Each structure stands twice: as structure tokens, then as C-alpha cells.
Amino acid sequence: MQGPAELLPVSSSGHLVLVPRLLGWSYAELEPEERKSFEVAVHAGSAAALALVLRRELRFGPRDAGLLALTFGPPAVAGLLAEGPIERRLGTTRGVALAQVAGGMALWLADRRGGTRRTADAGDHLAVGLAQVLSLAPGFSRGGAALTAARLRGLDRPAAVRLSLRAAFPVTLGAAALKGARALRGELAPDIRAPLAVGAGAAFAAGIASSRLVSRLENARSFAPLAAYRIALGSAVLGTLGLVAGPPNGTYS
């Protein structure tokens, strides 16, 4: 699940929360540190696969370094300052599901607006960087936020996809490194090391096997199917939580 979800603008971290909920897995009952460590492991595996799949697109020259700072700087600063509080407040199942719906609707509306520009400028990179701050909310999607901003700026779909992938990769890598450093502060039980390795390996292999998704995304005639999928997934989970007739105190798991 992690491999293809990392390549598409559907929020891989959101899937780690929502899919187990839909399938009735006991994943949410694990110790928080074990869950966090596992999520870091699979993100590291998919990030390694993404680096291999996009090795040609990820070559940066002197000018690219400045543009990279525009896309990486805003989410990096926001993540260092507020990632923990944001995850605690918005990382619930309900919060992630709502973020999926919101992200899907934003992508759909941005894609309908269209765009014909084939080359990204500094303003596009900054807009994408600011948009990726929203992806600190689990379920909103780093790639989806970048793609939405690129389309709103008037880039055509292939250019928007290339910019979103280049911009999302360092943020994905940085987030995995930050969460990994935090996870290492606690002690992991020996019996969890094998599952972590299996998860990371599976995410890496699935990412490599899903590499064709990148070219299909670039050549897509519309992002509406991806947006509809995100809205449907989030709505399905909200349905299982009883959004209309929720618990009296308004809290959800």
C-alpha cells in the first residue's frame, strides 16, 4: 500500500490510518511508539524507492538549489515548529478522513481550472512550498498539495507533476528523518525490528514495482479520478465513524 501511495497524490500517511480502519485491523491498538516507528520504516523504504525511480529528475544544479529552498523551506520550518501539535490535534482518524476529502476537493477544483505553462518559475516553487505546509495535517498529502498549487499557478499537467514530485521528495525524506530521530529517542523492543525491516522492504519493492505510475500521472488527461478516490475513501471512513450521529462529546478515535 505504501509504495504506490507515495508516488500518487493520495497521502500515503493518510492511508496508513484510514485503510486499517476500514479493514478492521487492530493497528490502532498498537503502542504509539511502535506505530510511529513502523510508519517511519515504511516511509523510509518508499522514499528510497522514490529516489531510485526519480533519479534523473532529482539532479539539482546551482540554480535548482535556490528553487529547492523555496519548496523545502516553508514546510521544513513549519514541521520543526509545529508538527507535533498538529499531529496530535489533526492526526485522529476523523481528522485524517476530513483532510483526505478536503485535499481531494482542492485537487479536483485546481485541475478543472487548467493551465498551459510548461516551465515552472520561482513563484511556482514558492507557491508549492507554502502549499506543502498544509500537508503537515495527516491525510492532506504532500504530493497532492504541491500538485494542487502547481495547477492553480497555471502549469499544465506534465509540468505540474514534475514539479510536485521534485518538491515533495525532499520534504518526504526530511519528514522521515525527523520522525526517525524522534523515534530513536525511545527504546524499541527487539521483537519489532523484524517487522520494521519487512515493512521497509515491502514499501521499497512496491515503490519500484509501481514506477510506471509516474509516467501515467504525467500523461493523465484529468486528475478527477484521483480526487474522487480520495473523497470516497475519506467519506467511507467518516461513515464508519458515524459523522452524523457521533458521540455526544464530539470526539472520535
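Trainee: Where does serine 141 lie?

Mentor: In this predicted model, serine 141 sits in the loop that joins α6 (122-131) to α7 (142-152).

Trainee: What is the phi of serine 141, and how should I read it?

Mentor: Start with the general idea. Most residues other than glycine have a negative phi. Serine 141 is not a glycine, yet its phi is positive, about 85°.

Trainee: Is serine 141 buried or exposed?

Mentor: A residue counts as buried when its relative accessible area is under 20%. Serine 141 has 5% relative accessibility, so it counts as buried.

Trainee: Which loop holds serine 11, and what is its phi?

Mentor: Serine 11 belongs to the loop between α1 and α2. Its phi is near 70°, again a positive value in a residue other than glycine. Serine 11 is also buried, because its relative accessibility is 3%.

Trainee: Which residues does phenylalanine 140 contact, once neighbours within four places in sequence are left aside?

Mentor: Phenylalanine 140 is in the loop between α6 and α7. With those neighbours left aside, phenylalanine 140 is in contact with Ser11, Ala99, Ala102, Gly103, Leu134, Ser135, Ala145 and Arg230. One of these, Ser11, is the residue with a phi near 70° that we have just discussed. Phenylalanine 140 has a relative accessible area of 16%, so it is buried.

Trainee: How far apart in space are phenylalanine 140 and leucine 52?

Mentor: Give the separation along the chain and the separation in space as two numbers. Phenylalanine 140 and leucine 52 are 88 residues apart in sequence, and their C-alpha atoms are 25 Å apart.

Trainee: Glycine 45 and glycine 239 are both in helices. Which helix holds each of them, and is each one buried or exposed?

Mentor: Glycine 45 is in helix α3, and glycine 239 is in helix α11, residues 224-240. Exposed means a relative accessible area over 50%. Glycine 239 has 56%, so it is exposed. Glycine 45 has 7%, so it is buried.

Trainee: What does glycine 45 touch, not counting residues up to four places away in sequence?

Mentor: Glycine 45 touches Ala200, Ala203 and Phe204. As for distances, glycine 45 is 114 residues from alanine 159 in sequence, and the two are 26 Å apart, C-alpha to C-alpha. Glycine 239 and aspartate 191 are 48 residues apart along the chain, with 35 Å between their C-alpha atoms.

Trainee: How should I read a pocket? What is the volume of the second largest one?

Mentor: Take the volume, then the lining, then the residue classes. The second largest pocket holds about 230 Å³ of space. It is lined by 13 residues, and the closest to its centre are Met1, Leu16, Trp25, Phe38 and Val42. The elements that contribute two or more residues to this lining are α1 (2-7), α2 (12-23), α3 (32-53) and α9 (193-209).

Trainee: Which element gives the largest share of that lining, and which classes of residue are present?

Mentor: The largest share comes from α9, with four residues. By class, the lining has 10 nonpolar and three polar residues, and no charged ones.

Trainee: Now the whole chain. How many helices and strands does the protein chain have?

Mentor: The protein chain has 11 helices and zero strands. Read along the sequence, its pattern is α-α-α-α-α-α-α-α-α-α-α.

Trainee: How does the radius of gyration of the chain compare with that of a compact globule?

Mentor: Compare the value with the one expected for the chain length. For 253 residues a compact globule would have a radius of gyration near 18 Å, and the protein chain has 18 Å, so the two agree. The C-alpha trace spans about 45 × 40 × 35 Å along its principal axes.

Trainee: What share of the residues is buried, and what area does the chain expose?

Mentor: Of the 253 residues, 44% are buried. The protein chain exposes about 12600 Å², and carbon and sulfur atoms supply 62% of that area.

Trainee: What share of the contacts joins residues 24 or more positions apart?

Mentor: Among contacts with a separation of 6 or more, 84% are between residues 24 or more positions apart.

Terms used:
Residues are numbered from 1 along each chain as its sequence is written. This is a predicted model: local features need pLDDT of at least 70, side-chain atom pairs count only at pLDDT 80 or more; totals for chains, interfaces and linings use all residues. Side-chain values use heavy atoms; hydrogens and water are left out. On a 1 Å grid over the protein atoms alone, a cavity is a set of points where a 1.4 Å probe fits but cannot get out, and a pocket is an open set with protein on both sides within 12 Å along at least five of seven lines; lining residues have an atom within 4 Å of a point. Grid points are joined across faces, edges and corners, and a volume is the space filled by probe spheres set on the points. Ala, Val, Leu, Ile, Met, Phe, Trp, Tyr, Cys and Pro count as nonpolar, Asp, Glu, Lys and Arg as charged, and the others, Gly among them, as polar. The radius of gyration is taken over C-alpha atoms; the globule rule is 2.2 Å times the number of residues to the power 0.38. Buried means under 20% relative accessible area, exposed over 50%, partly exposed in between (1.4 Å probe, protein chains only). Contact means heavy atoms within 4.5 Å. Accessible areas come from the Shrake-Rupley method with a 1.4 Å probe; for residues, only the protein chains shown count as cover.
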